[in-house]
Amino acid sequence: MWLTSILDKVEGCVVLSKRVRGFSRERELARILYKHGFAVLRAPASGAKTRRLVYPDIVAIKNGVVLVFEVKTREKPSTIYIDKRQFMKLQDFIYRSGGHGFIAVKIMDGRGWRFVPVELVEETRGGNYRVSMEAIEKGYTLRDLVKLCDKTRSLTEWLEK
């Protein structure tokens with residue numbers, strides 16, 4: 001019995017540790033976006049007893065363009081699975097805000113951040129959702145996001161119009 005109690009505490013620490021690392025990545029992304037000129041709101045209540053309400057992890061706004069993020073972290077490159085309820089809440093927030101939705105992925109092997117548009121997220125047979133490695137590699141970079149929100153056009157874009 002005492003061994004079970006100790007193991008429960010250790011498992012609780014592991015779960016808490018993963019959550020703390022997740023929160024840390026959310027704060028990291030919020031700081032990065034802020035440094036690039038975005039107005040940023042991190043929703044610290046996401047996933048914490050907010051089942052009736054819709055909270056993405058981060059909302060960032062620049063030049064009137066709304067970006068909505070669900071943040072995921074992986075130690076090594078792998079497919080990411082997202083619970084149906086969580087993904088549907090994200091979709092609802094994107095719809096209500098009129099924004100663009102992304103799964104923000106940080107792979108800890110030094111690749112940096114990738115931002116997968118929700119349109120590239122696939123539904124699984126079980127009704128949940130999956131972000132493939134191919135989608136992650138096709139995802140936007142931070143530079144791509146900034147360009148998406150900048151009102152200025154490059155000279156070649158201006159000449160083509």
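**Exercise 1. Work out how much accessible surface the chain has and what share belongs to carbon and sulfur atoms.**

Start with the total: the accessible surface of the chain comes to about 10700 Å². Next, split off carbon and sulfur, which hold 55% of that area. Keep in mind that we're working on a predicted model here. Then turn to burial: 35% of the 161 residues count as buried.

**Exercise 2. Find how many helices and strands the chain has, and in what pattern they follow each other.**

Count first: there are five helices and eight strands. Now walk along the sequence, and you'll read α-β-β-β-β-α-β-β-β-β-α-α-α. For contacts with a separation of 6 or more, 59% come from residues 24 or more positions apart.

**Exercise 3. Take the open sheet of three strands: what is its order, and which strands stand at the edges?**

The order is β4-β8-β7, and the pairing is antiparallel. β4 (80–82) and β7 (122–123) each have a single partner strand, so one side of each has no neighbour in the sheet and they're the edges. Zoom in on β7: two bridges join it to β8 (residues 129–131). Across that pairing, E122 sits opposite R130 in β8.

**Exercise 4. Place L145 and decide: buried or exposed?**

Locate L145 in helix α4 (residues 142–149). Its relative accessibility is 0%, and because the cut-off for buried is under 20%, L145 counts as buried. Now skip the neighbours within four places in sequence: L145 is in contact with F38, L67, F69, F102, F115 and Y140. Finally, check H36: it's 109 residues away from L145 in sequence, yet the C-alpha to C-alpha distance is 9.9 Å.

How values were computed. Residues numbered from 1 in each chain as written. Predicted model: local features only at pLDDT ≥ 70, side-chain atom pairs only at ≥ 80, totals over all residues. Heavy atoms only, no water. Helix = DSSP H or I, 4+ residues; strand = E, 2+ residues; numbered from the N terminus. Buried < 20%, exposed > 50% of the residue type's maximum accessible area, 1.4 Å probe, protein only. Contact = heavy atoms within 4.5 Å. Areas by Shrake-Rupley, 256 points an atom, 1.4 Å probe, with all protein chains shown as cover. Pairing = 2+ DSSP bridges.
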